[in-house]
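Hello,

Here is the structure I promised to pass on to you. Please have a look at it first, and then read on for my notes.

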Amino acid sequence: LTRQEAFVSNTLADIDTVFPDAELIGKLGCGSVVNLPLIIGGKVIATMNILHEEGYYTPERIARIHDVLRLPATAACAVAMVLRA
């Protein structure tokens, strides 16, 4: 998060090193994750976390997630922040 970069893990074993609920993630059929930081005003306000089958997140898919989903996800967080205020 401090580098404001996406975190990607493509195996359940790697997920297990950073997520305490890795066993549940595996039981749900997921084995890879990408966490994309959502940034407003230079600050990370949230992360968009997407799970999929093991080995799913190629560099091309990660770039597509960033290019297609980052802006609408950030906008949704901004609206939620305004509504909460």
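Below is what I found, from the overall fold down to a few single residues.

Please keep in mind that this is a predicted model. The protein holds 3 helices and 3 strands, and their order from the N terminus is β-α-α-β-β-α. If you want a feel for the dimensions, the C-alpha trace spans about 40 × 25 × 20 Å along its principal axes.

A few whole-chain values come next. The protein has 85 residues, and 21% of them count as buried. Its accessible surface is about 5,800 Å², with 59% of that belonging to carbon and sulfur atoms. Looking at contacts with a separation of 6 or more, 44% come from residues 24 or more positions apart. As for charge, there are 7 positive and 9 negative charges, and the mean positions of the two sets lie 12 Å apart.

Now for the sheet. The 3 strands form an open sheet in the order E1-E2-E3, and the pairing is antiparallel. Strand E1 (7-9) and strand E3 (43-52) are at the edges and have a single partner strand each, so one side of each has no neighbour in the sheet. From one strand to the next, the twist averages 15°. E1 and strand E2 (residues 32-40) run antiparallel and are joined by 3 bridges. If you would like to find one of the bridge pairs on your screen, go to Ser9, whose partner in E2 is Val33.

What packs on this sheet? The answer is helix H3 (residues 59-84), which touches E1, E2 and E3. The direction of H3 makes about 50° with that of E2.

While you are in E2, please stop at Asn35, which is found in that strand. Is Asn35 buried or exposed? Its relative accessibility is 14%, and residues under 20% are classed as buried, so Asn35 counts as buried. Leaving aside residues up to four places away in sequence, Asn35 touches Glu5, Ala6, Phe7, Phe19, Met48 and Asn49. Of these contacts, Phe7 lies in the range of E1 (7-9), while Met48 and Asn49 lie in that of E3 (43-52).

Two glycines also seemed worth a visit. Gly26 is part of helix H2, and with a relative accessibility of 26% this glycine counts as partly exposed. The C-alpha atoms of Gly26 and Ile15 are 9.3 Å apart, and the two residues are 11 positions apart in sequence. Gly29 sits in the loop between helix H2 (22-27) and E2. Gly29 has a relative accessible area of 52%, and the class of exposed residues starts over 50%, so Gly29 is exposed. Gly29 and His52 are 23 residues apart in sequence, with 7.7 Å between their C-alpha atoms.

One last stop is towards the start of the chain. Gln4 lies in the segment before E1. Which backbone angle of Gln4 has a positive value? It is phi, near 55°, in a residue other than glycine. Gln4 counts as partly exposed, at 31% relative accessibility.

I hope these notes help you find your way around the model. I would be glad to hear your thoughts once you have had a look.

Best wishes

Notes:
Residues are numbered from 1 along each chain as its sequence is written. This is a predicted model: local features need pLDDT of at least 70, side-chain atom pairs count only at pLDDT 80 or more; totals for chains, interfaces and linings use all residues. Side-chain values use heavy atoms; hydrogens and water are left out. Helices (H or I, at least four residues) and strands (E, at least two) are DSSP runs, numbered from the N terminus. Buried means under 20% relative accessible area, exposed over 50%, partly exposed in between (1.4 Å probe, protein chains only). Contact means heavy atoms within 4.5 Å. Accessible areas come from the Shrake-Rupley method with a 1.4 Å probe; for residues, only the protein chains shown count as cover. Lys and Arg count as positive and Asp and Glu as negative; His and the chain ends are not counted. The place of a charge is taken as NZ of Lys, CZ of Arg, CG of Asp or CD of Glu. Two strands pair if DSSP finds at least two bridges between them. Axes are lines fitted to C-alpha atoms, for helices over the stretch in contact, and angles run from 0 to 180 degrees between N-to-C directions.
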